[in-house]
Amino acid sequence: MTQRDQTSTRIKICGVTRRADAEAVVDAGVDAMGLNFSPRSPRCVGIDEASRLADAVADKVCVVGLFLNHSADGVRRVLDRVRLDLLQFHGDEADDFCASFGVPYMKAHRVRAAVDATALQAEYPAAAWHLLDAYVPGTPGGTGEQFDWQHWPDAGGSSLRLGLAGGLTPENVAGAIRRLRPDGVDVSGGVEGPRKGEMDAEKIKAF
């Protein structure tokens with residue numbers, strides 16, 4: 001999820017639905033752009049538009065595809081049309097399913113208690129990233145809610161790559177990075193305008 005060196009915190013803007021916003025992501029020097037394929041999300045983007053957005057930023061940012069309990073055929077239909085560098089799974093998918101598409105993957109986890117980094121790695125050994133997001137009953141993610149950062153795991157000297165999501169904004173992201181030292185941060189609502197799925201270029205730059 002990066003175009004940068006191995007010591008900087010990666011930044012991902014998720015839920016991009018418009019060409020202007022994809023261009024704003026590139027202009028701001030963001031590492032990764034997320035395309036949401038979950039029909040349950042107001043940020044869902046169709047395959048045709050996703051293909052155009054991915055082509056617009058080709059080789060400039062990492063393009064991530066977000067899936068929520070899709071079938072294997074559903075994921076493959078997207079991959080047949082959209083150039084994705086990383087898959088992001090937000091549902092109940094198992095490691096073997098996530099790893100079956102020949103593309104590196106990130107597994108999202110909804111946090112409501114202390115997280116055990118060793119357990120994450122044991123359950124999803126093939127994951128390139130683990131994304132920790134807020135647990136909100138009945139909602140798989142993208143809520144803008146912040147979980148209790150005291151639950152953030154100690155990855156020690158392991159190779160586990162941890163991303164932070166949930167309630168991040170231009171105003172609090174620097175403090176979150178200083179406190180938790182995540183490998184990456186992931187934002188959608190914190191950089192949107194009045195409507196979900198429509199980004200604010202100035203907020204992206206501030207973030």
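Analyst: Before we look at any one loop, take this definition: helices (at least four residues) and strands (at least two) are DSSP runs, numbered from the N terminus. The model above is a predicted one, and every value we discuss is computed from it.

User: How many helices and strands does the protein have?

Analyst: The protein has seven helices and eight strands. Its radius of gyration is 16 Å, close to the 17 Å that the globule rule gives for 207 residues, and it is therefore as compact as a globular protein of that length. Along the principal axes, the C-alpha atoms fill a box of roughly 40 × 40 × 35 Å.

User: Which share of the contacts joins residues at least 24 apart?

Analyst: If we take contacts between residues at least 6 apart in sequence, 54% of them join residues at least 24 apart. A single pair can illustrate this way of reading: Arg 110, which sits in strand β5 (residues 105–111), and Asp 133 are 23 residues apart along the chain, while their C-alpha atoms are separated by 5.0 Å. For another pair, Ile 47 and Thr 169, the separation is 122 residues in sequence and 28 Å in space, C-alpha to C-alpha.

User: How should I read burial, and what percentage of the 207 residues counts as buried?

Analyst: A residue is called buried under 20% relative accessible area and exposed over 50%, with partly exposed in between. By that reading, 50% of the 207 residues of the protein count as buried. The protein as a whole exposes about 9500 Å², of which carbon and sulfur atoms supply 45%.

User: Is Tyr 124 buried or exposed?

Analyst: Tyr 124 counts as buried because its relative accessibility is 7%, which falls under the 20% cut-off. This residue lies in the loop between α5 (117–123) and β6 (129–134). Leaving out residues up to four places away in sequence, Tyr 124 touches Glu 93, Ala 94, Asp 95, Tyr 105, Lys 107, His 109 and His 130.

User: And where is Ile 47 placed, by comparison?

Analyst: Ile 47 belongs to helix α2 (residues 47–56), and at 27% relative accessibility it counts as partly exposed. With residues up to four places away again set aside, Ile 47 touches Arg 77, Val 78, Arg 81 and Val 82.

User: What is the general idea behind a nonpolar core?

Analyst: In soluble globular proteins, nonpolar side chains tend to be buried together. Here the largest nonpolar core has 52 residues, and the members that touch the most others are Ile 13, Met 33, Leu 35, Phe 37, Leu 84, Leu 87 and Leu 164. Beyond its neighbours within four places in sequence, Leu 164 has contacts that include Leu 131, Leu 132, Phe 147, Trp 149, Trp 152 and Leu 180. There is also a second, separate core of nine residues, among them Cys 62, Met 106, Ala 108 and Ala 165.

User: Which loop holds Asn 69, and what is its phi?

Analyst: Asn 69 is in the loop between β3 (62–67) and α3 (72–81), and although it is not a glycine, it has a positive phi of about 55°. With a relative accessible area of 43%, Asn 69 is partly exposed. Arg 181 also has a positive phi of about 55° without being a glycine; it is placed in the loop between α6 (173–180) and β8 (184–187). Arg 181 counts as exposed because its relative accessibility is 62%, and the cut-off for exposed is over 50%.

User: One last feature: how far apart are the mean positions of the positive and negative charges?

Analyst: The protein has 24 positive and 29 negative charges, and the mean positions of the two sets are 3 Å apart.

How values were computed:
Residues are numbered from 1 along each chain as its sequence is written. This is a predicted model: local features need pLDDT of at least 70, side-chain atom pairs count only at pLDDT 80 or more; totals for chains, interfaces and linings use all residues. Side-chain values use heavy atoms; hydrogens and water are left out. The radius of gyration is taken over C-alpha atoms; the globule rule is 2.2 Å times the number of residues to the power 0.38. Buried means under 20% relative accessible area, exposed over 50%, partly exposed in between (1.4 Å probe, protein chains only). Contact means heavy atoms within 4.5 Å. Accessible areas come from the Shrake-Rupley method with a 1.4 Å probe; for residues, only the protein chains shown count as cover. Lys and Arg count as positive and Asp and Glu as negative; His and the chain ends are not counted. The place of a charge is taken as NZ of Lys, CZ of Arg, CG of Asp or CD of Glu. A nonpolar core is a set of buried Ala, Val, Leu, Ile, Met, Phe, Trp, Tyr and Cys residues joined through side-chain atoms within 4.5 Å.
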